[in-house]
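User: Please take a close look at the nonpolar interior of this protein. I would like to know which parts of the chain build it and how they are paired around it.

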Amino acid sequence: MITRTRRNTSRTGDLTELEVALALTRAGYRVLQPLSAASRYDLAVDNEDGTLMRIQCKTGVLRDGRIVFRVYSVSGHRSASRAYQGQVDAFGVYCEATRRTYLVPLTVIPEHRVMVCLRVLPSKNGQRIGVHMADDFLITRDTTSLEATRNPGSQPVL
């Protein structure tokens, strides 16, 4: 008899959220967490100027040299997907396969996109237009992704 192991998506989400918070904290940012699980964002960064950057955490999956993650949510209570436009400022993405954490500003994601890909390896056909390299969004001590999220005009569009 073959038994299937059921994925524990809540556990995966919790671990992703912790990895994003840890990466941001290590990068020197003040990370906040909402009291309510009903918020559309999982974390916030205090910009130290009276504003917050709202971050929705997503688990990235490595497929064919790309980290793929969803930019919408589906609740068990409603079947329609909901986009995050106007409700978050960035996606914090953790990919277990790369063991790295990325910050992708919402401003680089077209409005009706369902999935986003960050390239770990260059595309086989050499395409560069519309391609985003994962390392450009890596959360590091001197990360520019956070600055681009605060100043949306400084980041190219997907």
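Analyst: The account below begins with the chain as a whole, turns to its interior and ends with the turns and a cavity.

This is a predicted model, in which local features require a pLDDT of at least 70 and side-chain atom pairs a pLDDT of 80 or more, whereas totals for chains, interfaces and linings use all residues. Residues are numbered from 1 along each chain as its sequence is written, and side-chain values rest on heavy atoms, without hydrogens or water.

The chain contains two helices and nine strands, these being DSSP runs numbered from the N terminus (H or I over at least four residues for a helix, E over at least two for a strand). Read from the N terminus, the order of elements is α-β-β-β-β-β-β-β-β-β-α. Of the 158 residues, 39% are buried; buried means under 20% relative accessible area, exposed over 50% and partly exposed in between, with a 1.4 Å probe and protein chains only. Among contacts (heavy atoms within 4.5 Å) with a separation of 6 or more, 57% join residues 24 or more positions apart.

In soluble globular proteins, nonpolar side chains tend to be buried together. A nonpolar core is here a set of buried Ala, Val, Leu, Ile, Met, Phe, Trp, Tyr and Cys residues joined through side-chain atoms within 4.5 Å. The largest one comprises 18 residues, and Phe69, Phe91, Tyr102, Val104 and Leu118 have the most contacts inside it. At least two of its residues come from each of strand 4 (66–70), strand 7 (90–95), strand 8 (100–105) and strand 9 (115–119). The greatest contribution is that of strand 7, with three residues. Another core, of 14 residues, lies apart from this one and includes Ala23, Met53, Ile55 and Leu103.

Tyr102 belongs to strand 8, a mostly covered strand with five of its six residues buried. Tyr102 itself counts as buried because its relative accessibility is 1%. Beyond neighbours within four places in sequence, Tyr102 touches Ile67, Phe91, Gly92, Val93, Cys95, Leu118, Ala134, Phe137, Leu138 and Ile139. One of these, Leu138, is 36 residues away from Tyr102 in sequence, yet their C-alpha atoms are 4.3 Å apart. Leu118 offers a second view of the core: with the neighbours within four places again set aside, its contacts are Gly65, Arg66, Ile67, Phe69, Tyr102, Val104, His132, Ala134 and Phe137.

The strands that supply the core can be followed through their pairing, which requires at least two DSSP bridges between two strands. Strand 7 and strand 8 run antiparallel and are joined by six bridges. Within this pair, Phe91 faces Val104 of strand 8. Strand 4 and strand 9 are likewise antiparallel, over five bridges, and here Ile67 stands opposite Leu118 of strand 9. Strand 4 also pairs in the antiparallel sense with strand 3 (residues 52–63), over three bridges; Arg63 is placed opposite Arg66 of strand 4.

Two of these pairs are hairpins. Strand 3 and strand 4 have two residues between them, and Asp64 in that hairpin adopts a positive phi near 50°. Four residues separate strand 7 from strand 8, with Arg99 in the turn. Most residues other than glycine have a negative phi. Arg99 has instead a positive phi, near 55°, and is classed as exposed because its relative accessible area is 67%. A further case is Glu48, a residue other than glycine with a positive phi of about 60°, located in the loop between strand 2 (43–46) and strand 3. Glu48 is exposed too, since its relative accessible area is 59%.

Rolling a probe the size of a water molecule over the atoms shows where empty space is left. A cavity is a set of points, on a 1 Å grid over the protein atoms alone, where a 1.4 Å probe fits but cannot get out, and its lining residues have an atom within 4 Å of a point. The whole structure holds one cavity of 30 Å³ or more. The largest cavity encloses about 30 Å³, volume being the space filled by probe spheres set on points joined across faces, edges and corners. Its lining consists of Val71, Tyr84, Gln85, Phe91, Leu106, Ile109, Pro110, Glu111 and Arg113. Phe91 is thus both a lining residue of this cavity and one of the core residues with the most contacts.

Definitions and conventions:
1 Å grid on protein atoms, 1.4 Å probe; cavity = no way out; pocket = protein on both sides within 12 Å on 5 of 7 lines; lining within 4 Å.
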